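This briefing sets out selected features of the structure shown below, grouped by topic.

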Amino acid sequence: MQKNVIPHEFNVGKKEREAIKNHKSFLLWFTGLSGSGKSTIANAVEQALVRKGIHTYTLDGDNVRKGLNNNLSFSPDDRTENIRRIAEVSNLMIDAGLVVLAAFVSPYEKDRERIKDIVGAPNYVEIFVSTPVEECERRDVKGLYAKARTGEITNFTGINAPYEAPVNPNIEINTANVSIPEAVQMILNYIEKNNLK
């Protein structure tokens, strides 16, 4: 079937869309345990970028699983497929000229490498929110750690499923000792330094 799929070549591409928006498009990928602060930081970064006139869109784990990926479980294979789909959606949004912020546990190194392959390494910024599991569990804003501890939730990353920490992330943030405004500034500084604006 795939041999009969032939992508159409359009005359308007990423460069033209970036020119209209007057900024580069790329992916900020936030990875870390549940409760680490990924979505909170992504939300704050998006607000800061929008104030600068940057066209953005945020993809969040729970939100995407309510729609696009509502047929996937938390098994290792479905986690991989979840991330693959998000990478493909992110790639389309980058092509549309947007700065994409994606906040997903994304526990497997091979899946994060695949994201980079799909969107292209120059378009991929990996942000490891490295808040320790003890701090994430102390917060437990959704009550998920407590459910995982009692066996009510299986395949819960950090408790009864593994998390493979990034070896060489572009940015590392531990929200146990870095405030949200400080985290936002770290990311904005990285964008500025690497001429991604």
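Ser130 counts as buried because its relative accessibility is 15%, under the 20% limit for that class. The model is a predicted one. Ser130 belongs to the loop between β4 and α6, and its contacts beyond four places in sequence are with Glu172, Ile173 and Asn174.

**Nonpolar cores**

- The largest nonpolar core comprises 26 residues, and those with the most contacts inside it are Leu28, Phe30, Val45, Ile127 and Ile187.
- Two or more residues of this core come from each of β1 (26-31), α2 (38-51), β3 (99-103), β4 (124-129), β5 (171-173) and α8 (180-193).
- A second, separate core holds 17 residues, including Ile86, Ala87, Ala102 and Ile118.
- Once neighbours within four places in sequence are set aside, Ile127 is in contact with Leu28, Trp29, Phe30, Thr31, Ile171, Ile173 and Ile187.
- In soluble globular proteins, nonpolar side chains tend to be buried together.

**Helix α2**

- The 14 residues of α2 should span 20 Å at 1.5 Å a residue, and the end C-alpha atoms are 20 Å apart, so the two values agree.
- Buried positions in α2 are Lys38, Ile41, Ala42, Ala44, Val45, Glu46, Ala48 and Leu49.
- The cover over these buried residues of α2 includes β1, β2 (56-60), β3, β4, β5 and α8.
- Gly53, just after α2, adopts a positive phi of about 85 degrees.

**Helix α4**

- For the 20 residues of α4, a rise of 1.5 Å a residue gives an expected span of 28 Å; the end C-alpha atoms lie 29 Å apart, which agrees.
- Arg79, Thr80, Asn82, Ile83, Arg85, Ile86, Ala87, Ser90, Met93 and Ile94 are the buried residues of α4.
- Elements covering the buried residues of α4 include α1 (14-21), β1, β2, α3, β3 and α5 (109-119).
- Gly97, just after α4, has a positive phi of about 95 degrees.

**Asp111 in helix α5**

- Asp111 is located in helix α5 and counts as buried because its relative accessibility is 4%.
- Apart from neighbours within four places in sequence, Asp111 contacts Arg79, Thr80 and Ile83.
- Asp111 and Asn82 are 29 residues apart along the chain, and their C-alpha atoms are separated by 9.6 Å.

**Largest pocket**

- The volume of the largest pocket is about 750 Å³.
- Its lining consists of 32 residues, of which Ser34, Asp62, Val105, Lys142 and Leu144 are the closest to the centre.
- Elements that each supply at least two lining residues are α2, α3 (61-66), α4 (76-95), α6 (133-139) and α7 (144-149).
- The lining divides by class into 12 nonpolar, 12 polar and eight charged residues.

**Positive phi outside glycine**

- Most residues other than glycine have a negative phi.
- Ser106, a residue other than glycine, has a positive phi near 40 degrees.
- Ser106 is placed in the loop between β3 and α5 and is buried, with a relative accessible area of 3%.
- Asn155 is likewise not a glycine, and its phi is positive at about 55 degrees.
- Asn155 lies in the loop between α7 and β5 and counts as partly exposed at 32% relative accessibility.

Terms used:
Residues are numbered from 1 along each chain as its sequence is written. This is a predicted model: local features need pLDDT of at least 70, side-chain atom pairs count only at pLDDT 80 or more; totals for chains, interfaces and linings use all residues. Side-chain values use heavy atoms; hydrogens and water are left out. A nonpolar core is a set of buried Ala, Val, Leu, Ile, Met, Phe, Trp, Tyr and Cys residues joined through side-chain atoms within 4.5 Å. Buried means under 20% relative accessible area, exposed over 50%, partly exposed in between (1.4 Å probe, protein chains only). Helices (H or I, at least four residues) and strands (E, at least two) are DSSP runs, numbered from the N terminus. Contact means heavy atoms within 4.5 Å. On a 1 Å grid over the protein atoms alone, a cavity is a set of points where a 1.4 Å probe fits but cannot get out, and a pocket is an open set with protein on both sides within 12 Å along at least five of seven lines; lining residues have an atom within 4 Å of a point. Grid points are joined across faces, edges and corners, and a volume is the space filled by probe spheres set on the points. Ala, Val, Leu, Ile, Met, Phe, Trp, Tyr, Cys and Pro count as nonpolar, Asp, Glu, Lys and Arg as charged, and the others, Gly among them, as polar. The expected span of a helix is 1.5 Å times one less than its number of residues.
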